[in-house]
Amino acid sequence: MLKIEKYGAVDIGSNAIRLLVVTVIEQEGKDTLFKKTSLVRVPIRLGAEVFLEGKISDNSANRMIDAMQAFRLLMKTHNITRFRACATSAMREASNGRELAEIIETKTGLSINIIDGNDEAAIIASTDLKNLIQNDKVFLYVDVGGGSTELTVFANGNNVTSQSFKLGTVRLLEGLVDDRIWDEMETWIKKETKGFKRVSLIGSGGNINTIFKKSGKKIGKPLSYFYLSSYYELIKSLTFEERITELDMNPDRADVVVPATRIYLSAMKWSRAKNVFVPKIGLSDGIVKSLYNEKIAAELEVN
């Protein structure tokens, strides 16, 4: 007997807003299946103005309200039974972030959780990585966003430690990251990985997904440090326009992909990782997983 429900997760990031719809299929005596049914991405770059001006403009606020209205209607037509929206660094740092969240809730009925960097790292780390994370291997999980980068070390199949850094692609594009932040991340990665003989990277975020897709690699196969390094040199050598026309990138991807690749390469270098696995998961997948875990916990309490 199958039990089928649909969950919705909204990730309000610094570079884009996403709605992920997942069909959750419970099977008796077997693992629950999480099937991605729909993903809608709207490139509202909140971080560009928040990190510079400290607030979300009226224009971006109106676009956000429209996007959330559209998401509400999409979720209604999908018959979503469980839903959560999480906002990260741009909404967190905007002086009017909480006020806008209240306006959105009043107009759309959708409440937004503004989470901190450590919550973000914990939600991302709760994603289903069991196909990748073997007990005898060590992984540094790197999620690069527009406003921040979340790092998690996995060893012996367990989450050892997590940390969030204000090192994101939109911040880097705007020249808002000083060397101290890079130094802090380098120190943290070296300290947390030095006790392990061999570390592999797990990369998540739209940029590494784009790079992986263009590599033509089979799902489950990693990208090498050499490949990523060569790709970095290629995209740096091209103009913004050339990345759009020659590499077929979306305009809102063609600029952030350069700083993102630099972050992944730096993390690989500092952890001595030779490979990066790209499982195509992120915050929205973690939100769905945490909603499901809460449901199971509630059912256990009742029983």
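# Reading a predicted fold

Guide: Start with one residue. Tyrosine 227 is partly exposed, with a relative accessible area of 26%. Keep in mind that this is a predicted model.

Visitor: Why does 26% count as partly exposed?

Guide: Use two cut-offs. Under 20% relative accessible area is buried, over 50% is exposed, and partly exposed lies in between. Tyrosine 227 has 26%, so it is partly exposed.

Visitor: And tyrosine 231, why is it counted as buried?

Guide: Its relative accessibility is 8%, so tyrosine 231 counts as buried. We will return to both tyrosines.

Visitor: Let me step back to the whole chain. How many helices and strands are there?

Guide: The chain has 13 helices and 11 strands.

Visitor: How do I judge its overall packing?

Guide: Compare the radius of gyration with the value for a compact globule. For 303 residues, that value would be near 19 Å, and the chain has 19 Å, so the two agree. Then look at the box. The C-alpha atoms fill roughly 50 × 50 × 35 Å along the principal axes.

Visitor: What percentage of the residues is buried?

Guide: Of the 303 residues, 53% are buried. The accessible surface is about 14,800 Å², and carbon and sulfur atoms hold 49% of that surface.

Visitor: How far apart in sequence are residues in contact?

Guide: Set aside contacts between residues fewer than 6 apart in sequence. Among the others, 66% join residues at least 24 apart.

Visitor: How many positive and negative side chains are there?

Guide: There are 42 positive and 38 negative side chains. The centres of the two sets lie 7 Å apart.

Visitor: Now the aromatic rings. When do two rings make a pair?

Guide: Their centres must lie within 6.5 Å. By this rule there are six aromatic pairs. Then check the angle between the planes: under 30 degrees is stacked, over 60 is edge-to-face. Take tyrosine 141 and phenylalanine 154. Their ring centres are 6.4 Å apart and their planes stand at 85°, so this pair is edge-to-face.

Visitor: Where in the chain are these two residues?

Guide: Tyrosine 141 is in strand β6 (residues 138–144), and phenylalanine 154 is in strand β7 (residues 149–155). The pair links distant parts of the chain, 13 residues apart.

Visitor: Are tyrosine 141 and phenylalanine 154 buried or exposed?

Guide: Both tyrosine 141 and phenylalanine 154 are buried. Now return to tyrosine 227 and tyrosine 231. Their rings form a stacked pair, 6.2 Å centre to centre with 20° between the planes. The two tyrosines are four residues apart in helix α9 (residues 225–237), so about one helical turn separates them.

Visitor: What about backbone angles? Which one should I look at?

Guide: Look at phi, and pick out positive values in residues other than glycine. Aspartate 248 has such a value, near 60°. Aspartate 248 lies in the loop between α10 (240–245) and α11 (251–254). At 64% relative accessibility, aspartate 248 counts as exposed.

Visitor: What is phi of arginine 272?

Guide: Arginine 272 is not a glycine, yet its phi is positive, about 65°. Arginine 272 lies in the loop between α12 (257–271) and β11 (275–277). Its relative accessible area is 42%, so arginine 272 is partly exposed.

Visitor: How do I read the surroundings of a buried residue?

Guide: Find its element, then list its contacts beyond four places in sequence. Valine 22 is in strand β2 (residues 17–27). Its relative accessible area is 3%, so valine 22 is buried. Its contacts include Glu5, Tyr7, Phe34, Thr37 and Val288. Valine 22 and leucine 39 are 17 residues apart in sequence, and their C-alpha atoms are 8.9 Å apart.

Visitor: Which residues does threonine 169 touch?

Guide: Beyond four places in sequence, they are Val144, Gly145, Gly146, Asn207, Val256, Pro259 and Ala260. Threonine 169 lies in helix α6 (residues 169–173). At 1% relative accessibility, threonine 169 is buried.

Visitor: And where is isoleucine 287?

Guide: Isoleucine 287 is in helix α13 (residues 283–302). Isoleucine 287 is buried, at 0% relative accessible area. Leaving out residues up to four places away, isoleucine 287 touches Ala9, Val10, Arg84, Cys86 and Ile123. Its C-alpha atom is 18 Å from that of glycine 203, which is 84 residues apart from it along the chain.

Methods:
Residues numbered from 1 in each chain as written. Predicted model: local features only at pLDDT ≥ 70, side-chain atom pairs only at ≥ 80, totals over all residues. Heavy atoms only, no water. Rg over C-alpha atoms; globule rule 2.2 N^0.38 Å. Buried < 20%, exposed > 50% of the residue type's maximum accessible area, 1.4 Å probe, protein only. Contact = heavy atoms within 4.5 Å. Areas by Shrake-Rupley, 256 points an atom, 1.4 Å probe, with all protein chains shown as cover. Lys, Arg positive; Asp, Glu negative; His and termini not counted. Charge placed at Lys NZ, Arg CZ, Asp CG, Glu CD.
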